[in-house]
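Trainee: I keep meeting words like "buried" and "core", and I'd like to know what earns a residue such a label. Could we go through one model together?

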Amino acid sequence: MDTAPEAPAGSPFTSPAQARAAFRAGLDRPTAGLCPGFTQTNLLAVPREHAFDFLLFAQRNPKPMPIIGVLEAGQTSSPLLQGGDIRTDVPAYRIYRNGELAETVTDATAFWRDDIVSFLIGCSFTFETALLAAGIDIAHISQNVNVPMYRTSIDTEPAGIFSGPLVVSMRPLPANQVAEAVRITSRYPAVHGAPVHIGNPAEIGIRDLGNPDYGDAVTIPDGHLPVFWACGVTPQAALLAARPEIAIAHSPGKMLITDARDAEFQVP
């Protein structure tokens, strides 16, 4: 298997452990472009009584919810974050109560319970290293903002208490680079893979690209097409219907940086 080329340097951290330590100390910022070559993941943590329903939900909807790892009830670390702590090592967490966003914090320890099961879900930031190495600009990185994410009119396949709309991330690309971006990202099925839509956002129920549901808007230059990838924030959109007593998630665009290498999830 080929190893994905490294993106240009620019991360302030030399390793995922160093980045996690900074987040543990209170640094709160988007993680796109940090620790190039290392896999980033979304987080959804729910009580054990709902864990099977969510696992089935992810299995039925692998495009937005590819499972990279699972921390069993009571676990707060794993080989994916050696020496780390899932409760503190994400830049910011969203705390949901009965399906409603209750608060955003930089340390989720006070909300953790012994019955919490944590799901680490593939993130499209993982394939951005390969896109950058191919000379494809990533707008939210070059514009120094959070990636824009949108709820769509595409329904996920329900499972147990979980159902809801597909959420997508968007990157504007020059028309002549879209095919190359599709080719590159299709080699990373464990982190959303190829785009789910290219072009007119209205066709998937997005009314205004300048008003994302999560993250920040980006400037779309003339001659660029909006390209949409399935997004690991989809489970957070499903919490409104599921309404678990508590759920803990990453703040969109602020991911867990793991010790896994991007190349581990690249297929020939």
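Mentor: Sure, and keep in mind that this is a predicted model. Let's start with the largest nonpolar core, which has 21 residues. Ile-86, Tyr-93, Ile-95, Trp-112, Leu-120 and Ile-248 are the members that touch the most other members. Two or more residues each come from β1, β2 (67–71), β3 (93–97), β5 (116–122), β10 (246–250) and β11 (256–261). There's also a second, separate core of 18 residues, including Leu-44, Ala-51, Tyr-96 and Ala-159.

Trainee: What makes a set of residues a nonpolar core?

Mentor: The members must be buried residues of certain kinds, Leu and Ile among them, joined through side-chain atoms within 4.5 Å. As background, nonpolar side chains tend to be buried together in soluble globular proteins.

Trainee: Which residues does Leu-120 touch?

Mentor: Leaving out residues up to four places away in sequence, the contacts of Leu-120 include Leu-43, Ile-67, Ile-68, Leu-71, Leu-80, Ile-86 and Leu-256.

Trainee: Next, Ser-169. Why is Ser-169 called buried?

Mentor: Buried means under 20% relative accessible area. Ser-169 has 2%, so the label fits. You'll find Ser-169 in strand β7 (residues 165–174), and among the residues Ser-169 touches are Ser-124, Val-147, Phe-228 and Trp-229.

Trainee: How do you know that Ser-169 and Arg-171 make a polar contact?

Mentor: Their side chains come to 2.9 Å, and the limit for such a pair of N or O atoms is 3.5 Å. So 2.9 Å passes.

Trainee: Where does Arg-171 lie relative to Trp-229?

Mentor: Arg-171 lies over the face of Trp-229, 5.2 Å from the ring centre. The distance limit for a charge over a ring is 6 Å, so 5.2 Å meets that part of the test.

Trainee: Phe-127 and Trp-229 form an aromatic pair. Why is that pair called tilted?

Mentor: Two checks here. Ring centres must lie within 6.5 Å, and these are 5.5 Å apart. Then the planes: under 30 degrees is stacked and over 60 is edge-to-face, with the rest tilted. This pair has 45° between the planes, so it's tilted. The structure holds six aromatic pairs, and ring pairs link Phe-54, Phe-57, Phe-119 and Phe-162 into a cluster.

Trainee: What does the pair of Phe-127 and Trp-229 tie together?

Mentor: Phe-127 is in helix α3 (residues 125–133) and Trp-229 is in strand β9 (residues 224–230), so the pair ties together parts that are 102 residues apart in sequence. Both pass the burial test too: Phe-127 has 0% relative accessible area, and Trp-229 also comes out at 0%.

Trainee: How do you know that α3 is largely enclosed?

Mentor: Seven of the nine residues of α3 are buried, so the rest of the structure largely encloses the helix. The buried ones are Phe-125, Thr-126, Phe-127, Glu-128, Thr-129, Ala-130 and Leu-131. Their cover includes β1 (38–47), α4 (139–142), β7, α5 (178–185) and β9.

Trainee: β7 and β9 keep turning up. What makes them a pair of strands?

Mentor: Pairing takes at least two bridges. β7 and β9 have seven, in the antiparallel sense, and one of the bridge partners is easy to look up: Pro-174 is matched with His-224 in β9. They belong to an open sheet of four strands, in the order β6-β7-β9-β8.

Trainee: Why are β6 (149–155) and β8 (197–198) called edge strands?

Mentor: Each of them pairs on one side only.

Trainee: Last topic, loops. Is Asn-144 buried or exposed?

Mentor: Asn-144 is exposed: the relative accessible area is 68%, and the cut-off is over 50%. Asn-144 lies in the loop between α4 and β6.

Trainee: And what makes Asn-98 partly exposed?

Mentor: Asn-98 has 37% relative accessibility, which falls between the 20% and 50% cut-offs, so it's called partly exposed. Asn-98 is in the loop between β3 and β4 (100–105).

Trainee: Where does Thr-31 lie, and why is Thr-31 called buried?

Mentor: Thr-31 lies in the loop between α1 (16–24) and β1, yet at 0% relative accessibility Thr-31 counts as buried. A polar atom of the Thr-31 side chain lies 3.1 Å from the backbone nitrogen of Met-255.

Notes:
Residues numbered from 1 in each chain as written. Predicted model: local features only at pLDDT ≥ 70, side-chain atom pairs only at ≥ 80, totals over all residues. Heavy atoms only, no water. Buried < 20%, exposed > 50% of the residue type's maximum accessible area, 1.4 Å probe, protein only. Polar contact = N/O pair within 3.5 Å; in protein donor to acceptor, adjacent residues only side chain to side chain. Contact = heavy atoms within 4.5 Å. Lys NZ or Arg CZ within 6 Å of the ring centre and 35° of its normal.
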